[in-house]
Amino acid sequence: QAVPPPPGGLKPAAPGAAGGAPAADFSLPPEPAAAALRPAPEVDPRKVYALPELIDIAQSRNPLTRLAWEQARQAALAKGMVEATYLPLIAASVVGGTQRFSQSLPVPVGTVDTVDETLSGISPQIALEWLLFDFGQRGALHEAARQNQLAANVLFNGAHQKIIFDVTRTYYVHDAALGRVGIARQALANSNRILEAASERDGKGLGTTGEVAQARQQVAQAKLALVQAEGGARDASQALLGAMGVSPSTELKLSPAGGRRLPADVGKPTEEMIRSALARRPDVQATYAALQASQAGITAAKAEFMPKVFLGAVAAGGSTNFGALSLPSISQQSSASGVLVGVTMPIYDGGLRLARLKGAESVAAASAATFHKTQEDAAREIVVTSDMLRSALASYRAADELVQTAGITYDAALDAYRSGVGTIQVATEANSALLVARQARSDAHAASLVAAANLAFVLGAMTSADAAAAAGR
């Protein structure tokens, strides 16, 4: 079946040669403007950047901060538009025109058999309309707009907190990836030592070619592990740049985070800690503000059933000019003004107001459910994240002990093989075990730092670059 042509004037390519079947081409014409990237941030190639400096760059460059700012600005403008409804509406208008009449005379007068008349005039007007009383409808709408503005401001701060956490998390992950590269290089060096020992024993007639081949296999595996670790480090670097919101071609020198000391343990979160965190978290505050706005929406919908009192005033002037045939024209100036107070009361609208009220009540019910779910999810996040941090710290302590014992085992196995009382299998296995132990310790260290940053984030404490740096201590 033929592929239908796409809209917009794009055409598929000409039929291909394979079997005479048409080869559809879905490429697009280039759009140079879409390929214009933002300039990379000014980076000193000689400077080593720490985590707080990376966060500062991200907060000024990440497009999410600009998006959150514009959303907060739109909410402020919406609140200002509601406040404008408290003020009178004044409109000025000018109406002018000319009208001509021509009428035949029943009896001609001399040579004149028609009468031509011209009427022209200008009327400037100023009208005032002012809603005086509406049973609290504007007040409810203003409260809803105020709560929506509060939610937008809270989410703006939340966007910054999220960027701080994302940069912190990817920074630690990148540091762990670099640690894996260093561990892989050390494992390659250890494998080369085993190969040197095997070659030396084979040269002395104490070893076999099989041992040398096995040692070379270990070296090749270590080289592959190093290549994979270097690829993981490059991926982690791009993840960090993506969290910062900068160009993927940006090159940064980063200070290592592996030297950070970890606490022995952390306590379980108390109920008071959870309540304090819920009061600070942006998502909880934003959903609570949305709940308050929806309650104000119910009040505004109920006010639609009540009358409204308004004030009206008008001031108008007029200038007219009348002329007929060759008679002198007649001009007249006039003015008029008036003030009135009125009451309007809706009687029947086919159920429209009732439907709006039911809709507002439904929105309020959904907002309440969202708020309570956000509360419960946030409390659960705090408990789960605290457990993750304790588990990561326990894993680091266990991995650190494993590294110490695996290092002793490797040194002993290598010395035993060199002296002829050990086998190459034991030496290579000890080297592999040491590699696994070092990687586990590096990963557990990074996981502990990430978990600590995550706990600070879910507690609502990830509010600045300094707070992010302190979270990993």
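Buried means under 20% relative accessible area, exposed means over 50%, and partly exposed lies in between. The exercises below use a predicted model.

**Exercise 1. Classify F135 and place it in the chain.**

Task: Is F135 buried, exposed or partly exposed, and where does F135 lie?

Solution.
- Step 1. Take the relative accessibility of F135, which is 40%.
- Step 2. Compare with the cut-offs: under 20% is buried and over 50% is exposed. F135 therefore counts as partly exposed.
- Step 3. Locate the residue. F135 lies in the loop between β3 and α3.
- Step 4. Check the backbone. F135 has a positive phi of about 60°, although F135 is not a glycine.

**Exercise 2. Describe the nonpolar patch that includes F135.**

Task: Which residues form the nonpolar patch on the surface, and which strand gives the largest share?

Solution.
- Step 1. List the members: W130, L132, F133, F135, M306 and V341.
- Step 2. Give the area. Together they have about 550 Å² of accessible area.
- Step 3. Find the main contributor. Strand β3 (residues 112–133) supplies three residues, the largest share.
- Step 4. Take one member, W130, which lies in strand β3. W130 has 32% relative accessibility, so W130 counts as partly exposed.

**Exercise 3. Compare two helix pairs that involve α3.**

Task: How do α6 and α1 each pack against α3?

Solution.
- Step 1. Recall the two descriptors. Two packed helices are described by the angle between their axes and the distance between the axes.
- Step 2. Start with α3 (residues 137–203) and α6 (residues 282–303). They pack at an angle of about 165°, with axes 8 Å apart. Angles over 145 degrees count as roughly antiparallel, so α3 is roughly antiparallel to α6.
- Step 3. Add the handedness. α3 passes α6 in a left-handed crossing.
- Step 4. Turn to α1 (residues 51–61) and α3. Their angle is about 135°, and their axes are 10 Å apart. That makes α1 oblique to α3.
- Step 5. Add the handedness here too. α1 passes α3 in a right-handed crossing.

**Exercise 4. Trace the salt-bridge network in α2.**

Task: Which residues are linked with E70 in a network of salt bridges?

Solution.
- Step 1. Recall the principle. Side chains of opposite charge can pair when their charged atoms come close.
- Step 2. Pair E70 with R66. Their side chains meet in a salt bridge at 2.9 Å, N to O. The two are four residues apart in helix α2 (residues 63–83), so about one helical turn separates them.
- Step 3. Pair E70 with R73. The closest N and O atoms are 3.9 Å apart. The cut-off is within 4 Å, so this pair is a salt bridge. R73 and E70 are three residues apart in α2, again about one helical turn.
- Step 4. Join the pairs. R66, E70 and R73 are linked in a network.
- Step 5. Add accessibility. E70 is partly exposed at 23%. R73 is partly exposed at 44%. R66 is exposed at 51%.

**Exercise 5. Examine a salt bridge between two helices.**

Task: Which helices hold D400 and R441?

Solution.
- Step 1. Establish the contact. The side chains of D400 and R441 meet in a salt bridge at 3.0 Å, N to O.
- Step 2. Place the partners. D400 is in helix α7 (residues 352–419) and R441 is in helix α8 (residues 424–458). The pair links distant parts of the chain, 41 residues apart.
- Step 3. Classify both. D400 is partly exposed at 26%, and R441 is partly exposed at 24%.
- Step 4. Set the pair in context. The structure holds 18 salt bridges.

Notes. Residues numbered from 1 in each chain as written. Predicted model: local features only at pLDDT ≥ 70, side-chain atom pairs only at ≥ 80, totals over all residues. Heavy atoms only, no water. Patch = residues over 30% accessible without salt bridge, like charges linked within 9 Å, V, L, I, M, F, W, Y side chains within 5 Å. Areas by Shrake-Rupley, 256 points an atom, 1.4 Å probe, with all protein chains shown as cover. Buried < 20%, exposed > 50% of the residue type's maximum accessible area, 1.4 Å probe, protein only. Axes fitted to C-alpha atoms, helices over the stretch in contact; angles between N-to-C directions. Parallel < 35°, antiparallel > 145°, perpendicular 65-115°, else oblique. Left-handed = near helix turned anticlockwise from the far one by under 90°.
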